[in-house]
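Q: I would like a close look at one part of this structure, followed outward into its surroundings, with the terms defined as they come up.

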Amino acid sequence: MNIIVCIKRVPMTQEVDLEIDDVGKGVKKEALAYVINDWDNYCIEEAVRLQEAFGGSVTAITIGNEDDEEVLRRALAMGADKAVRVDPGVRELDGFVISRILAKVIGGMDYDLILTGVQADDDNSGVVGIMLAESLGLSHAAVVTGIEPKDATAKVRVELEGGMDEVSQINLPSLLTIQTGINEPRYVSIMGIRKAGKKELTVVPLEDLGLSDEDLTLRTLIEEVYLPPETAGAEMIEGDPASVAAQLVKILKEKGVNL
Amino acid sequence: MGDIYVVAEHRKGEIRDITFEMLFKARELCQTFSGRLTVLLLAGKASGFADELAKRADRVLVFEDDRLETFNSDLYKETVSRVIQEEQPFLTLMGHTSWGMDLAPALSITTGLPLATDCVDIRESGGRPVVIRQIYSGKVFSRVSFKESPGYLITVRSGAFLPPEDAETTPGEIERRDVPADLPEARRTFVQFVETGAGEIDITQADFLVSIGRGVGEEENIAVIRELADKMGATLSCSRPVVDRNWLPKFHQVGTSGKSVRPKIYLALGISGAFQHVAGITGAGTVIAVNKDRKAPIFRVADYGVADDLFKVAEALKQQLP
């Protein structure tokens, strides 16, 4: 079973005070640490597990600059066989353009399954995977939490809302967008990443792909980004933990908790 | 300027709330854009649904076929795609749900129309739609416009538009259509629904929930919080990352893919407040949040907040208890 995983490096924004950049269309990224998109980490793990069970190869693809190769090396360390980075230069991308680039790169490859994350932690759009599937004419399922391949099909579990899953049978080749929690991603050591440096990593300049102007035209445009208005919100309880706890106990008792 | 279409979502014989939320917003948008409101209903048995939907739209366009009883990415995409191509609605709204996330991006490719997802507001600017989205897990808002196009696709976040009880309007017409005769063979077939939330405790019945999130850090740390919850007579629940890491079973999970809860007190420890989680606590009485990150979105919905390390606060709380 040959599997392609499409992955992305994103800024880590939890417990960080984000600031809007001078242009007002993005956040200041200089001081941010970057990590693999959480969903994509599960994707790589799932691909490697399927390869371990059924044989075949795993190819990891990202679109980005040299720094973004970090996520490819991580994928290689987890067990992917080869990696491809498409270098877009300074070109602006949206989900549609990304899906077109990926479709062009993947078009000539041999695969049974393409896995992408449900969404990325930065723009939270969740469109690339399914747009890619449609561009390649593949069957697809979104928000997948389980895959059991059997011959030319796979049984997939899709997470719905309200504590309900849907089980479907899907024809391969197929594209599935992977939800967090589908597996437990393996630990990756610095040593492992170093060793994976010997594996094949190809860089493809965007210009070499021969994409049309339409493929490269943004369909959505960010006009402005801004921090949420600090209007309504929690009444903050300040002080050292002991005094905070004392106030919390008081609130809990007022609300009828029998402590 | 243009008509608004809403793709209805239903499951197991019930119209999903997101459908009514979209219709409520779509009605307002019809005034903004001077258009009529059409609901697209794809179903196995449509009659009950169609009457219900007709109370809230100018027209219900019904495609009734056994193959459309549950969502099917191939057949829904093909059917909706043809309607969009034939009737060219100005705006087509879908839910930002698992099914909507499967349908909308595919439609964007088949119809060539631009798509913005997970929108929390839809406005007008220069005759075109402009949407408000949240990025970086809700820490930043983004105003997004579209490339000029004959029509636009938008997926709507659950809970972003809450219709009042009396959102019904004058009844619309119900128009039945045959599914396209050359509908392709589906490459995906529905097998079954599986309930995932059942377990030894029922968090939906608890009056007092102590809920942990990613901030708990490690599985070993959960014992401390469990002890605190026990001491206070509270039930332990959690947010998605805790279940994703297999630290607690799924029946503890609060949120859109877990359970909606209505405790009198909800004490959130180390939960950032992603919208999928917050959507599960809208029925909670008093929400108290403890999180190191003063900018965490949970503080926007909590009644009381503590910007500190959850373990320090938990330890101090334990000491104050008898």
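How many bridges join E4(A) to strand E5 (residues 82-87) of chain A, and do the two strands run parallel or antiparallel?

A: This is a predicted model, in which local features need pLDDT of at least 70 and side-chain atom pairs count only at pLDDT 80 or more, while totals for chains, interfaces and linings use all residues. Residues are numbered from 1 along each chain as its sequence is written, and chains are lettered from A and ligands numbered from 1 in the order in which they are written.

E4(A) and E5(A), residues 82-87, are joined by 5 bridges and run parallel; helices (H or I, at least four residues) and strands (E, at least two) are DSSP runs, numbered from the N terminus, and two strands pair if DSSP finds at least two bridges between them. Within this pairing, Ile61(A) stands opposite Val84(A) of E5(A). E4(A) also runs parallel to strand E1 (residues 3-6) of chain A, to which 4 bridges join it, and there Val5(A) has Ala60(A) as its bridge partner.

Strand E4 (residues 58-63) of chain A is mostly covered, with 6 of its 6 residues buried, where buried means that 20 or more other C-beta atoms, placed from the backbone, lie within 10 Å of the residue's own (12 or fewer is exposed, and in between is partly exposed). In a regular strand the side chains alternate between the two faces of the sheet. Both faces of E4(A) are covered, Val58(A), Ala60(A) and Thr62(A) being buried on one side and Thr59(A), Ile61(A) and Ile63(A) on the other.

Chain A also meets chain B: 70 residues of chain A are in contact with 75 residues of chain B, two residues being in contact if their C-beta atoms, placed from the backbone, lie within 7 Å. Among the elements that each supply at least two residues of the side of chain A that touches chain B are helix H4 (128-136), strand E7 (139-150) and helix H6 (241-254), and H6(A) gives the largest share, 9 residues. By class, this side has 35 nonpolar, 19 polar and 16 charged residues, with Ala, Val, Leu, Ile, Met, Phe, Trp, Tyr, Cys and Pro counted as nonpolar, Asp, Glu, Lys and Arg as charged, and the others, Gly among them, as polar.

Strand pairing also links the two chains, since E13(A) and strand E17 (residues 304-306) of chain B pair in the parallel sense over 2 bridges, and Gly305(B) in E17(B) is the bridge partner of Met236(A). In helix H9 (residues 310-320) of chain B the buried residues are Leu310(B), Val313(B), Ala314(B) and Leu317(B). Seen down the axis of H9(B), these buried residues fall within an arc of 100 degrees, so they line one face of the helix; the arc is that of the directions from the helix axis to the C-beta atoms. They pack against H6 of chain A together with helix H5 (222-232), strand E15 (265-269), strand E16 (286-290) and E17 of chain B.

Chain B as a whole has 9 helices and 17 strands, and 53% of its 322 residues count as buried. Chain B is divided into domain 1 (4-177) and domain 2 (203-320), bounds that come from an automatic or database domain assignment. Taken over C-alpha atoms, the centres of these two domains of chain B are separated by 33 Å, and 6 residues of domain 1 are in contact with 9 residues of domain 2.
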